[in-house]
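User: I'm new to reading protein structures and would like some help. Could you walk me through one, feature by feature?

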Amino acid sequence: AEVEIASLATAASTRRGEVDGVDLTFHSRTGRQVDIFSNGRKAKRRAPLEEFNNAVILSSRPLLDNEIFEIVIEEKVLKWSGSVEVGLTTHQPEKLSFPSTMTNVSSGTWILGGEGIMKNGARLSEKPYARRSIDALKVGSRIGVVRKTGGNLHFLVNGIDQGLAASDVPSDTYAVVDL
């Protein structure tokens, strides 16, 4: 699997995802099965046909309120069930002991996977969240996450807001992608 950070256009960031001179990129510290390239804007699983886990990536800095972090799926691996997962975490990339998957993290983490939202490793609802499973997305599809002012969390699929996913999400959260 390979993903790229899409161009951003929000009140808090420029089209290149820059805030106060700091580009929004993938952090260089990742799970052991990830390669980061294109100046931190692209990430790829090292051995996609050999291992499913250990491909967690965080953003290079916390997101600002109302700032959209969006990825584009550039390559998919069909060998495994499931797909990319996207969300937010309060864990700093410099301090995180990278787990095999972010769904194993039991604090400070909200993840969209399949068609459901997980908070701290537990599913928030048995009802589907997304209009369709993100596992069915094709190459070229986009998945975004935004924490709005006041702490409401929303996900976007191909630019369409999927609605409120969670509330009371703290500020200073990093975007997280699990390839």
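## Reading the fold step by step

Analyst: Sure! One thing to keep in mind: among contacts between residues at least 6 apart in sequence, 61% join residues at least 24 apart. Also, this is a predicted model.

User: How many helices and strands are there in the protein?

Analyst: Start with the strand and helix count. Here there are 15 strands and 0 helices.

User: And what share of the residues is buried?

Analyst: A residue is called buried when its relative accessible area is under 20%. In this protein, 51% of the 179 residues are buried. The accessible surface comes to about 8,300 Å², and carbon and sulfur atoms account for 47% of it.

User: Which residues have the most contacts inside the largest nonpolar core?

Analyst: A core is a set of buried nonpolar residues joined through their side chains. The largest one has 31 residues, and Phe69, Ile143 and Leu153 have the most contacts inside it. Several strands give two or more residues to this core, including β7 (69-75), β12 (142-147) and β13 (153-157). There's also a second, separate core of 9 residues, with Leu96, Val105, Ile111 and Val176 among them.

User: What is isoleucine 143 in contact with, beyond its neighbours within four places in sequence?

Analyst: Look for partners from elsewhere in the chain. For isoleucine 143 they include Phe69, Ile73, Val86, Leu112 and Leu156.

User: What is the strand order in the open sheet of 6 strands?

Analyst: Read a sheet by going from neighbour to neighbour, not by strand number. The order is β6-β15-β8-β9-β10-β11, and the pairing is antiparallel. At the edges stand β6 (56-58) and β11 (122-123); each has a single partner strand, so one side of each has no neighbour in the sheet. Zoom in on β8 and β15: these antiparallel strands are joined by 5 bridges. One bridge to look for pairs valine 86 with valine 177 in β15.

User: Is β13 mostly covered or uncovered?

Analyst: For a strand, check both faces. β13 is mostly covered, with 5 of its 5 residues buried. Leu153, Phe155 and Val157 are on one side, while His154 and Leu156 are on the other.

User: Which strands does β13 pair with?

Analyst: Take the two pairings in turn. With β12, β13 pairs in the antiparallel sense over 5 bridges, and glycine 144 stands opposite leucine 156. These two strands form a hairpin with 5 residues between them, where glycine 150 in the turn has a positive phi of about 95 degrees. With β14, β13 is again antiparallel, over 4 bridges. There, histidine 154 has leucine 164 as its bridge partner. This hairpin has 2 residues between the strands, and asparagine 158 takes a positive phi near 50 degrees.

User: Where is a positive phi found in a residue other than glycine?

Analyst: Most residues other than glycine have a negative phi. Two exceptions are serine 38, with phi near 55 degrees, and asparagine 39, with phi of about 55 degrees. Serine 38 is in the loop between β4 and β5 (42-45), and asparagine 39 is found in the loop between β4 and β5 as well. Serine 38 is partly exposed, with a relative accessible area of 38%, whereas asparagine 39 counts as exposed at 76%.

User: How many aromatic pairs does the structure hold?

Analyst: With ring pairs, check the distance between centres and the angle between planes. There are 2 aromatic pairs. Phenylalanine 26 and phenylalanine 69 are edge-to-face, 6.1 Å centre to centre with 70 degrees between the planes. That pair links distant parts of the chain: phenylalanine 26 sits in the loop between β3 (22-23) and β4 (34-37), and phenylalanine 69 is in strand β7, 43 residues apart. Both are buried.

Tyrosine 129 and phenylalanine 155 are also edge-to-face, at 6.0 Å and 75 degrees. Tyrosine 129 lies in the loop between β11 and β12 and phenylalanine 155 in strand β13, so this pair ties together parts 26 residues apart in sequence.

User: Is glutamine 162 buried or exposed?

Analyst: Compare its accessibility with the 20% cut-off. Glutamine 162, in strand β14, has 11% relative accessibility, so it counts as buried. Its side chain reaches the backbone nitrogen of arginine 131 at 2.9 Å. Glutamine 162 is also in contact with Tyr129 and Phe155, among others.

How values were computed:
Residues are numbered from 1 along each chain as its sequence is written. This is a predicted model: local features need pLDDT of at least 70, side-chain atom pairs count only at pLDDT 80 or more; totals for chains, interfaces and linings use all residues. Side-chain values use heavy atoms; hydrogens and water are left out. Buried means under 20% relative accessible area, exposed over 50%, partly exposed in between (1.4 Å probe, protein chains only). Contact means heavy atoms within 4.5 Å. Accessible areas come from the Shrake-Rupley method with a 1.4 Å probe; for residues, only the protein chains shown count as cover. A nonpolar core is a set of buried Ala, Val, Leu, Ile, Met, Phe, Trp, Tyr and Cys residues joined through side-chain atoms within 4.5 Å. Two strands pair if DSSP finds at least two bridges between them. A polar contact is a pair of N or O atoms within 3.5 Å; within protein, one must be able to donate a hydrogen and the other to accept it, and residues adjacent in sequence count only if both atoms are side-chain atoms. Rings of Phe, Tyr and Trp (its six-membered ring) pair if their centres lie within 6.5 Å; planes under 30 degrees apart count as stacked, over 60 as edge-to-face and the rest as tilted.
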